[in-house]
Amino acid sequence: MQANSILEKRVKAIDCNHFINGEYVSSKNGKTFENINPATEEVLGKVAEGGKEEIDLAVAAAKKALNGPWKKMTTNDRIAVIRRIGDIILERKEELATLESLDTGKPYWLSSTVDIPRAAYNFHFFADYLRAVGTEAYQTDDQAINYAIRRPVGVVGMINPWNLPLLLLTWKMAPGLAAGNTVVIKPAELTPMTATLLGEICREAGVPDGVVNIVHGFGPDSAGSALTEHPDVDAISFTGETTTGKIIMSAAAKSLKKLSYELGGKNPNIIFGDSDLDEVIETTLKSSFINQGEVCLCGSRIYVERSVYDEFLEKFTAKAKELVVGDPFDPKTKVGALVGEEHYERVTKYIQIAQEEGGQILLGGKRPEGMDKGYYIEPTIIVGLTADCRVIREEIFGPVVTVVPFDTEEEVIERANDTHYGLSASIWTNDLRRAHRVAGQIEAGIVWVNTWFLRDLRTPFGGMKQSGIGREGGMHSFEFYSELTNICIKL
Ligand code: NAD
């Protein structure tokens, strides 16, 4: 299948070089790898494959830049530069959204209405927020006065996943820069294009050389591990799989780096019988299948009170069947391609495991008819699995959900919490007391009631258990990206 819209012809895929000390450079050894379009399986271009040498150069540039013009800039000037990055992202929205869809396989309407505008907003939000950031002061009777000063952590390594490439990268970068740090970014190897353009956007916005550095490459034994092991990197902000987080933690231990982790999830979506089913189904279609189910917050474990279980399943399956799977640049498309071959194999394997575990595939479970090229999987609904099944316990990160009935509130709370993940949850009920009661007992960093994915960037975002360490958003991001010194003066 060919993605063939006018947009895609106007905006050409780009080759990706590293961005180090304000310049685009190739790898010292000339190594590159191919960037594949997951919707067509065609080669989009070449990506420079960085390693220890490029990370050393990028970290050295970032370290030098810490005490350069970036440090000397007034807060007002820094705010203006950060705001300008957001402005340029919006000016180049069509181009960035096209590259994001070519890289990820996600529908263009989604990149252009969510990923790219939100990336711009990350900069606008933290530019505004910076003006309001203060510290604390305490007087100790008549003996002393204490006050804290805030300074950057230093050189921060930012390691990113492929599902929301520019959105998540900038969610780290904007507060990191606002707090005065310099950064070395390692984009996901599958989605390098928008990160590459960010280099020139930063330069145009007035970011001094060396403040933002971008090194492409892989994770293990490559740019990723070189960054986590580098002794001059003071902190690592990582978003990705829980298993990768464990590896990074042990590499970062050698120089005791500060860590911020946003990891995987296996989030419950709990539907009580008293909720408005039409509203539930409309949102549950999104929380199950938007971005091909490749969102850490997707509610892939659906629990439905038995009194409405049959009705929910019938309506939900009928609506999911209507979702158009196909070309990311076709406006009718609701579900695009999975990000790549390896991930397609992984999701397909889980569908096979579900059947081996006794699950029944109510919908989907396969490649859509007549689509031989591209990594497409139909929205998939599975029933009949028990709590110990792998498909209920492990993160699949694709358009695959399980639906399980429940009888009591106590039972569903126990089922929802029966996981080593703790990222997010949704609860659907029109009983206010129940909403508060259940929300307070779910072990997750974010609990939505009668909604999903509604975000206020001032609120804490992150996971508990093995879904993360720390919180991002508003003051929480500033706490991670800055160090406090308490100054105690004897009166
Ligand atoms: P991943 O862990 O495979 O890769 C993420 C990044 O880490 C990539 O840039 C990769 O190159 C790098 N990496 C891999 N091994 C490394 C190593 N040994 N050392 C240093 N870097 C290494 O994750 P992914 O497949 O890109 O992303 C999907 C995962 O991300 C899912 O588990 C999803 O839930 C999670 N995620 C979480 C959030 C959140 O906010 N909690 C958001 C988006 C995605």
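The exercises below, each with a worked solution, concern the cavities and the ligand surroundings of a predicted model.

**Exercise 1.** Find how many cavities of 30 Å³ or more the model holds, and describe the lining of the largest cavity.

*Solution.* Begin with the count, which comes to 5 cavities of 30 Å³ or more. Next take the largest cavity, whose volume is about 100 Å³, and list its lining, which is made up of 14 residues. Among these, Gly-293, Cys-298, Ser-300, Glu-395 and Phe-397 are the ones that lie nearest the centre of the cavity. Finally sort the lining by class, which gives 6 nonpolar, 6 polar and 2 charged residues.

**Exercise 2.** Determine which helix and which strand each supply at least two residues of the lining of the second largest cavity.

*Solution.* Start from the cavity itself, which has a volume of about 60 Å³ and is lined by 16 residues. Those nearest its centre are Pro-268, Thr-419, Tyr-421, Gly-422 and Glu-443. Then turn to the secondary structure elements: helix H15 (409–417) and strand E17 (424–428) each contribute at least two residues to this lining. By class, the lining of the second largest cavity divides into 7 nonpolar, 5 polar and 4 charged residues.

**Exercise 3.** Identify the residues whose backbone atoms lie close to oxygen atoms of the ligand, using a cut-off of 3.5 Å for a polar contact, and state how much of the ligand the protein buries.

*Solution.* Go through the backbone atoms one residue at a time. For Asn-160, a polar backbone atom is 2.7 Å from an oxygen atom of the ligand; for Gly-240, the corresponding distance from a polar backbone atom to a ligand oxygen is 3.4 Å; and for Gly-219, a backbone N or O atom lies 3.5 Å from an oxygen atom of the ligand. Now consider the ligand's surface, which amounts to 850 Å² exposed when the ligand is taken alone, and of which the protein buries 92%.

**Exercise 4.** Work out which elements and which domains provide the shell of residues around the ligand.

*Solution.* First note that 31 residues surround the ligand, and that Lys-186, Glu-189, Thr-244, Leu-263 and Glu-395 come nearest. The elements giving two or more residues to this shell are helix H9 (223–229), strand E10 (235–239) and helix H10 (242–253), and the largest share, 3 residues, comes from H10. At the level of domains, at least three residues are drawn from each of domain 1 (6–263 + 466–490) and domain 2 (268–462). As a last step, divide the shell by class, which yields 16 nonpolar, 10 polar and 5 charged residues.

Notes: Residues numbered from 1 in each chain as written. Predicted model: local features only at pLDDT ≥ 70, side-chain atom pairs only at ≥ 80, totals over all residues. Heavy atoms only, no water. 1 Å grid on protein atoms, 1.4 Å probe; cavity = no way out; pocket = protein on both sides within 12 Å on 5 of 7 lines; lining within 4 Å. Points joined across faces, edges and corners; volume = space filled by probe spheres on them. Nonpolar A, V, L, I, M, F, W, Y, C, P; charged D, E, K, R; others polar. Helix = DSSP H or I, 4+ residues; strand = E, 2+ residues; numbered from the N terminus. Near = heavy atom within 4 Å. Polar contact = N/O pair within 3.5 Å; in protein donor to acceptor, adjacent residues only side chain to side chain. Areas by Shrake-Rupley, 256 points an atom, 1.4 Å probe, with all protein chains shown as cover. Domains from an automatic or database assignment.
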